[in-house]
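This report looks at selected buried residues, the nonpolar core and the main pocket. Keep the structure in view while reading.

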Amino acid sequence: MNPNWIPVEERLPEKDNEFEDYSKLVVVTNGKDFWKGMYNYGGEDWRTFDLWLIDDATHWMEIVPPRKEE
């Protein structure tokens, strides 16, 4: 895996804010498929952006906006 991918066993993404159960939006993979998703701290599971369950997530990566050209 690319060094930017973080194993889900290593750590989870930060919460979007202290009042939400969901993490910030990230890219999630099972090594085969990829989704825009988030970690659901309330249910302790991974969800797609439209809240479908991802039951076999292995890694995640932060979404970094493109750099502005100077």
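His59 sits in strand β6, which covers residues 59-62. The model is a predicted one. His59 has a relative accessible area of 17%. The cut-off for buried is under 20%, so His59 counts as buried. Its side chain makes a polar contact with the side chain of Thr58, at 2.9 Å.

Ile6 touches both of these residues: its contacts beyond four places in sequence are Arg11, Thr58, His59 and Trp60. Ile6 also belongs to the largest nonpolar core. That core has nine residues. The other members are Val8, Val26, Val28, Tyr39, Trp46, Ile54, Ala57 and Trp60.

Ser23 lies in a loop, between β1 (6-7) and β2 (26-29). Ser23 is buried, with a relative accessible area of 3%. The Ser23 side chain reaches the backbone nitrogen of Tyr39 at 2.8 Å. Leaving out residues up to four places away in sequence, Ser23 touches Pro13, Glu14, Lys15, Asp16, Met38, Tyr39 and Tyr41.

The two buried residues, side by side:

| Residue | Relative accessible area | Side-chain partner and distance |
|---|---|---|
| His59 | 17% | Thr58 side chain, 2.9 Å |
| Ser23 | 3% | Tyr39 backbone nitrogen, 2.8 Å |

Now the pocket. The largest one has a volume of about 160 Å³. Its lining consists of Arg11, Pro13, Glu14, Lys24, Leu25, Val26, Trp60, Glu62 and Ile63. By class, five of the lining residues are nonpolar and four are charged, with no polar ones. Val26 and Trp60 are lining residues that also appear in the nonpolar core. Pro13 and Glu14 line the pocket and touch Ser23.

Notes:
Residues are numbered from 1 along each chain as its sequence is written. This is a predicted model: local features need pLDDT of at least 70, side-chain atom pairs count only at pLDDT 80 or more; totals for chains, interfaces and linings use all residues. Side-chain values use heavy atoms; hydrogens and water are left out. A nonpolar core is a set of buried Ala, Val, Leu, Ile, Met, Phe, Trp, Tyr and Cys residues joined through side-chain atoms within 4.5 Å. Buried means under 20% relative accessible area, exposed over 50%, partly exposed in between (1.4 Å probe, protein chains only). Contact means heavy atoms within 4.5 Å. Helices (H or I, at least four residues) and strands (E, at least two) are DSSP runs, numbered from the N terminus. A polar contact is a pair of N or O atoms within 3.5 Å; within protein, one must be able to donate a hydrogen and the other to accept it, and residues adjacent in sequence count only if both atoms are side-chain atoms. On a 1 Å grid over the protein atoms alone, a cavity is a set of points where a 1.4 Å probe fits but cannot get out, and a pocket is an open set with protein on both sides within 12 Å along at least five of seven lines; lining residues have an atom within 4 Å of a point. Grid points are joined across faces, edges and corners, and a volume is the space filled by probe spheres set on the points. Ala, Val, Leu, Ile, Met, Phe, Trp, Tyr, Cys and Pro count as nonpolar, Asp, Glu, Lys and Arg as charged, and the others, Gly among them, as polar.
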